[in-house]
Amino acid sequence: MTALSTLSLAPTRIPPEDEALRADVRAFLQQATREMPAHVRARSWGGYDTDFSRRIGAKGWIGLTLPPEYGGGGRSAFARYVLVEEYLNAGAPVGSHWIADRQSAPLILKYGTEAQKRFHIPRICRGESFFCIGMSEPNAGSDLASVRTRAVPNERGWLLNGQKIWTTNAHHCQYMIALVRTSGEAQDRHQGLSQLIVDLSLPGVTVRPIEDLSGDSHFCEVFFENVQLAEDALIGREGQGWEQVTAELAFERSGPERLFSSIVLFDQWLQYARLPAHRTASATRLAGKVLTQLAPLRAMSVAVQEKLTRGASPIIEAALVKELGTTLEQAIPAEIAQDLFSRPAEDVPVELLMTLKYVTEASPSFSLRGGTRDILRGMIARGLGLR
């Protein structure tokens, strides 16, 4: 019972003052995305549109939770949760600022120097500065503690060598926050790891996009060859990187993006299946199956958000939401495909098929990004005292 008692997700409601934001955001997004076909909107937080990010920044909808003195909105994390839900449900192309808003700016705010905060956070809030995350490495999988990329201190700061992979949108970003080894060896695991802000325009940085099954290239591999960083590239204390990155992953693993990656497809299919000519008993069962899973998962995600707002670090709870959420996200295109391919081909709209094609091709990545399924299940098992 002791292990189980560490896992708790109490039902939580989004506060009314934050829920009130939804109507304005929804109205704006309906107008902004009205000309975008569903198969484009289905990319959403994988979509990349810098102009859209600047429009969002001008409305104060990036850095909504950050302090006003750094250009933020000073709102609660629940207000940002409402924003994110609406972005995903509309299929808004928010990928350019997504990681900077979700992780990089809060990390810099918590651990960065005053100079780092003053330089980076206002630019992020304006939708002008974009970040990627340098965690995964070749031959390491989701075992972040075995990273080999190394930064060695010298008279000018840090000399960086190594490689990162599966780095989202690195070819579009100005900066990376990289988890690197600054002391010890790979077998030292959590000891000797630090996080550094890397300017991706520096000499010695090479970014190579990786094309996926859908034809997109949002994943990249990034190489560092004798990249000279200034002393102030370090975030937090040297050797504190593991503590920082595990706290950061709770934000990455528990948000609506772990539930709604297939939602544009599901909504489009639901509109089709509700028409009298296309309504079937099997489609009704499928809609009920998805919705009865989605509702409790959303409640769990909101409950994790409540813990984060209190300053807790619900690492295991976030892993649980991510694992269950991505399982549902991957099931949606598979089950919709079964439904559509059981119908006469001439009855299925081409746009719906195009959206299905994209989500089906992208869906294998859902259980990779933010930690693979096996790693997360191991974390959950340890949290439940099962291993």
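Two strands are taken to pair if DSSP finds at least two bridges between them. Strands (E, at least two residues) and helices (H or I, at least four) are DSSP runs numbered from the N terminus. The structure is a predicted model, so local features need pLDDT of at least 70 and side-chain atom pairs count only at pLDDT 80 or more, while totals for chains, interfaces and linings use all residues. Residues are numbered from 1 along each chain as its sequence is written, and side-chain values use heavy atoms, with hydrogens and water left out.

On that footing, strand β4 (residues 175–181) runs antiparallel to β5, the two being joined by 7 bridges. One of the residue pairs puts Tyr 175 across from Asp 199 of β5. On top of that, β5 pairs with strand β8 (residues 234–235), again in the antiparallel sense, over 2 bridges; here Leu 196 sits opposite Leu 234 of β8. As for its surroundings, β5 (residues 193–199) has 6 of its 7 residues buried, so the rest of the structure largely encloses it. Buried here means under 20% relative accessible area, exposed means over 50%, and partly exposed is in between (1.4 Å probe, protein chains only).

Zooming out, the protein chain carries 14 helices and 8 strands. Its radius of gyration is 21 Å, in agreement with the value near 21 Å for a compact globule of 387 residues; the radius is taken over C-alpha atoms, and the globule rule is 2.2 Å times the number of residues to the power 0.38. The C-alpha atoms fill a box of roughly 75 × 50 × 40 Å along the principal axes. Of the 387 residues, 53% are buried. Taking contacts (heavy atoms within 4.5 Å) between residues at least 6 apart in sequence, 76% link residues at least 24 apart.

On the outside, the chain exposes about 17100 Å², with carbon and sulfur atoms supplying 54% of that; the areas come from the Shrake-Rupley method with a 1.4 Å probe.

Two loop residues have backbone angles worth a look. Most residues other than glycine have a negative phi. Ser 44, not a glycine, nevertheless has a positive phi of about 35 degrees. This serine, Ser 44, lies in the loop between α4 (38–41) and α5 (50–58), and at 5% relative accessibility Ser 44 counts as buried. Asn 169 also has a positive phi, of about 60 degrees, without being a glycine. Asn 169 is in the loop between β3 (157–164) and β4, and its 5% relative accessibility makes Asn 169 buried.
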